[in-house]
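Let's take a walk through this structure together, going from the places where chains meet to the contacts inside one of them. Have the 3D view open and follow along.

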Amino acid sequence: MTNFTSNIKTVDQIIEKTRVEVLLKDEIDNYQVAYEINKADIHTTLSSLKKEGWIQLSYLSAIDWPDENKMELIYLLFNWETPVYIQIRSKIDREHPEVASIIQIYPGAKYYEREAHEFFGIHFPGNPDYEKQLILENWDDIPPLRKDFDPRAYSDKKFPSREYPDQFSEKDPKNKKREKLEARDIRANKLRSGGEKQ
Amino acid sequence: MKKMKLFLGPQHPGMHGNASVHLYVDGDIIKESYLLPGMLHRGFEKQMERKLWVNNIALIPRVCVPEPDINEMSFAMATEKLLKLEVPERAHWIRMIMLEFARISAHLMAYGGLGGPTGNYTIMYHAHADRNRILEIFEKISGARVYHQYIVTGGVRKDLPEDIEEDIIELISDLESRLDEYRDIGIDNASIVKRIKDTILLPEEVVWDLGVTGIGMRSATNKPYDVRKITPYARYDQVEFEVPVSDYSDARSRLDIKLKEVQQSINIIRQSLDKMPEGPVRVKPGRGQSMRWTVPKGYVYAPVESSRGEFGYYMVSNGGTTPWRVGVRGASYPQGLLGIEKYMPGTRIDDAALWVDTMGVCSPEIDR
Amino acid sequence: MLSTKFTKKDDVVKTETDRKWWEIGDYFRRNSLWMLMYCTGCCAIELPPSMTAAYDMERLGMGPMATPRQADILLVSGYLSPKTLRRLIYTYEQMSEPRYVVALGSCPINGGIYHDSHVVINKLNQYIPVDVYVGGCMPNPESLLNGFVDLMQGIKNKTAMGWKRYHEHYDWYKANQKHSLGELIIHDEFHE
């Protein structure tokens, strides 16, 4: 089709013109490229990319990194004339996460931001009624997509499940096959977690 | 000006799936409208982080219920991009056949959805009877009617059976000869033309504002923007097909484009049956133990063209045996949520259920 | 109740005539069941093929019905999130008696493939009485019709009495609903 390397070079030139500090650049394949920038440069980058033709916002979401104590925001943009997917990523603080809303640039981001607040707890000042619940109803716990939320414990506490009685009889009482299987399981677990070989 | 509140609720004979629309009406005209999603929410993105890469293949077809093959294809493409794995040649052509059959069955189901809101159930019975024949071919190929779990990382699960080619050719020749009959019953029918002609318009500026993709974009802007042509995947650049467009977007022209796309899918299936080479169909990823393979670090996005627009999985991996974050970009997210809030007021109450059907709003994709 | 030449005056008792009227009513009821159109989950995709040409549901006398006040069967097709369960209980209490509940799929039995998810309930029998379960993760249309024939046999043998159990153990059902769902009233403040 079209010339792949020249498309990605066009994107590089646009990003250089905005004079924004690029922390990381990653070329994934012929049609995708990713940039990581600081939090304060998000608005200038997005508006200059929109003027050059990247008018469709495909996806907006967040990733949780509890070890580094940060959350990462992602914006995915696409242009149908020069086909390159651009990923814009930036890391923000995890205790009080807050990013200015981008509704004036891309009006379609309104519901994506509402969903990011509900699942991660990120605040978006500038977006009217982003605090109302969209998908969950009467939710009474921490935002569910954070890494310190355990869905199994919540499900056992609130929705009791069906109990199946443990009924079995020994088919061959002399052979004791069950004890052999349990010993084999213990040995396999030891090897998997790095114990000594026997 | 008086306002009355009305629930076009989840239990409704014309509603596609389990979503409800809240309307504020004055007489017969809608003044405000909001969609209430969340009744089909299962917490997929949290569940996928707790299961191995191989176990996720059983979970993902259930994200989009009418057309489950696009989920498997997008997940497999994303993991293959991270692993830098080469899929054998025959597997690409088999994947194309499955995807095109899934597209035909989803278009038939959306076309049959005209039956509920207009009260003309003949269309629904014809469309679902033909869709049942496609589900029987799926059962012969992969073993299950609806959730196949057939397209995996590294190729396809097993080869096609012996005499499947004659069954496929008989079915698609029969469908091709009856597309005119579908037009006579549905969009050229004198009893429902007045409800779908010149109603539910979609002007061109709205498309760029919301980010609508798929048939809504191609019918309003007259440009052939299709993911299969612009960023091709899986040997779509070696078959010849057209992308139908139109200039004026009302309900009738969008349904017309759907029938034209069914014709183009039939052409693609015929060409792939001719051009398919012999060979193996699967490559195992094979890092570490047989089921607990790991994927190197990276962030990748894999888009696929579904019957409603651009559908994709955003995958983040940390080098472990489970994914770190999986994000699903539903194809009907823009027109379902923001479109109903801003551009449905002004129409009448009986157009509300038709809006949800012809614009392509599928509720399991919005809720995940 | 006057005596005719076939019955003596002492033999005619009120419970006996009630039982005979219920027999006649059950015969007509089980041969013409009407089903409420409510697609709650994924298993609802197999309903249109079972209504159309290949696996015809109308030869058993069943057809679709639009409003819950005139329907006989409530078909719970698939998993239930708490948001749907609140609206489902509203619908179940609006139906007129006798009413039957058929549960499709393996998700109402023990949670299915979503058993450790934080938004899917695990056992439907605690909130609403269920008469027939049809198992499978997407059951076939043939097994669906088999389930309906089992329901008709149950009406004939008087074992499908879910609506009576709901009346007798009403407090137990309401306590379970309150424990899992919190409150049963639907608040719509996020639109106001």
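What follows looks at two interfaces, then at aromatic rings, then at salt bridges. Please keep in mind that this is a predicted model.

Let's begin where chain B meets chain A. This contact takes 42 residues from chain B and 46 residues from chain A, and the two chains bury about 4,000 Å² between them, with 59% of it on carbon and sulfur atoms. If you would like three residues to highlight on the chain B side, choose Lys46(B), Tyr299(B) and Trp324(B): they supply 18% of the area that chain B buries against chain A, more than any other three residues.

Polar and charged groups take part here too. Between chain B and chain A there are five salt bridges, and one to look up is Lys110(A) with Glu341(B), at 3.1 Å from N to O. Polar contacts across this interface join 20 residue pairs. Several elements of chain B give two or more residues to the side that touches chain A, among them helix H1 (44-47), strand S6 (298-305) and helix H14 (333-343). H14(B) has the largest share, with five residues. Sorted by class, this side of chain B has 20 nonpolar, seven polar and 15 charged residues.

Now turn to chain C and its contact with chain B. Here 38 residues come from chain C and 39 residues from chain B, and the area buried is about 3,300 Å², of which carbon and sulfur atoms give 59%. Two salt bridges cross this interface, including the one in which the side chains of Glu46(C) and Arg145(B) meet at 3.2 Å, N to O. There are also 12 residue pairs in polar contact. On the chain C side, helix H2 (47-51) and helix H3 (82-94) each supply at least two residues, and the residues of that side divide into 23 nonpolar, nine polar and six charged.

Next come the aromatic rings. Over all chains, the structure holds 26 aromatic pairs. One of them is Phe75(B) with Tyr313(B), an edge-to-face pair with 6.2 Å from centre to centre and 85° between the planes. Phe75(B) lies in helix H3 (residues 69-83) of chain B and Tyr313(B) in strand S7 (residues 310-317), so this pair ties together parts that are 238 residues apart in sequence. Tyr313(B) also pairs with Phe311(B), this time tilted, at 6.2 Å centre to centre and 50° between the planes. Phe75(B) and Tyr313(B) are both buried, and Phe311(B) is buried as well. Elsewhere, Phe78(A), Trp80(A), Tyr85(A), Tyr225(B) and Tyr301(B) form one aromatic cluster.

Finally, which salt bridges tie together distant parts of the chain B sequence? One joins Asp28(B) and Arg348(B) at 3.6 Å, N to O, and the parts that this pair ties together are 320 residues apart in sequence. Asp28(B) is partly exposed, at 37% relative accessibility, and Arg348(B) is too, at 41%. Another joins Glu89(B) and Arg235(B), whose closest N and O atoms are 3.0 Å apart; it ties together parts that are 146 residues apart in sequence.

Glu100(B) and Arg103(B) meet in a salt bridge of 3.5 Å, N to O, and they are separated by about one helical turn in helix H4 of chain B. Both Glu100(B) and Arg103(B) are buried. Through shared partners, they belong to one salt-bridge network with Arg218(B), Asp226(B), Arg228(B), Glu261(B) and Glu305(B).

Key: Residues are numbered from 1 along each chain as its sequence is written. Chains are lettered from A and ligands numbered from 1 in the order in which they are written. This is a predicted model: local features need pLDDT of at least 70, side-chain atom pairs count only at pLDDT 80 or more; totals for chains, interfaces and linings use all residues. Side-chain values use heavy atoms; hydrogens and water are left out. Contact means heavy atoms within 4.5 Å. Buried area is the accessible area (1.4 Å probe) that two parts lose on being put together, summed over both. A salt bridge is a side-chain nitrogen of Lys or Arg within 4 Å of a carboxyl oxygen of Asp or Glu. A polar contact is a pair of N or O atoms within 3.5 Å; within protein, one must be able to donate a hydrogen and the other to accept it, and residues adjacent in sequence count only if both atoms are side-chain atoms. Helices (H or I, at least four residues) and strands (E, at least two) are DSSP runs, numbered from the N terminus. Ala, Val, Leu, Ile, Met, Phe, Trp, Tyr, Cys and Pro count as nonpolar, Asp, Glu, Lys and Arg as charged, and the others, Gly among them, as polar. Rings of Phe, Tyr and Trp (its six-membered ring) pair if their centres lie within 6.5 Å; planes under 30 degrees apart count as stacked, over 60 as edge-to-face and the rest as tilted. Buried means under 20% relative accessible area, exposed over 50%, partly exposed in between (1.4 Å probe, protein chains only).
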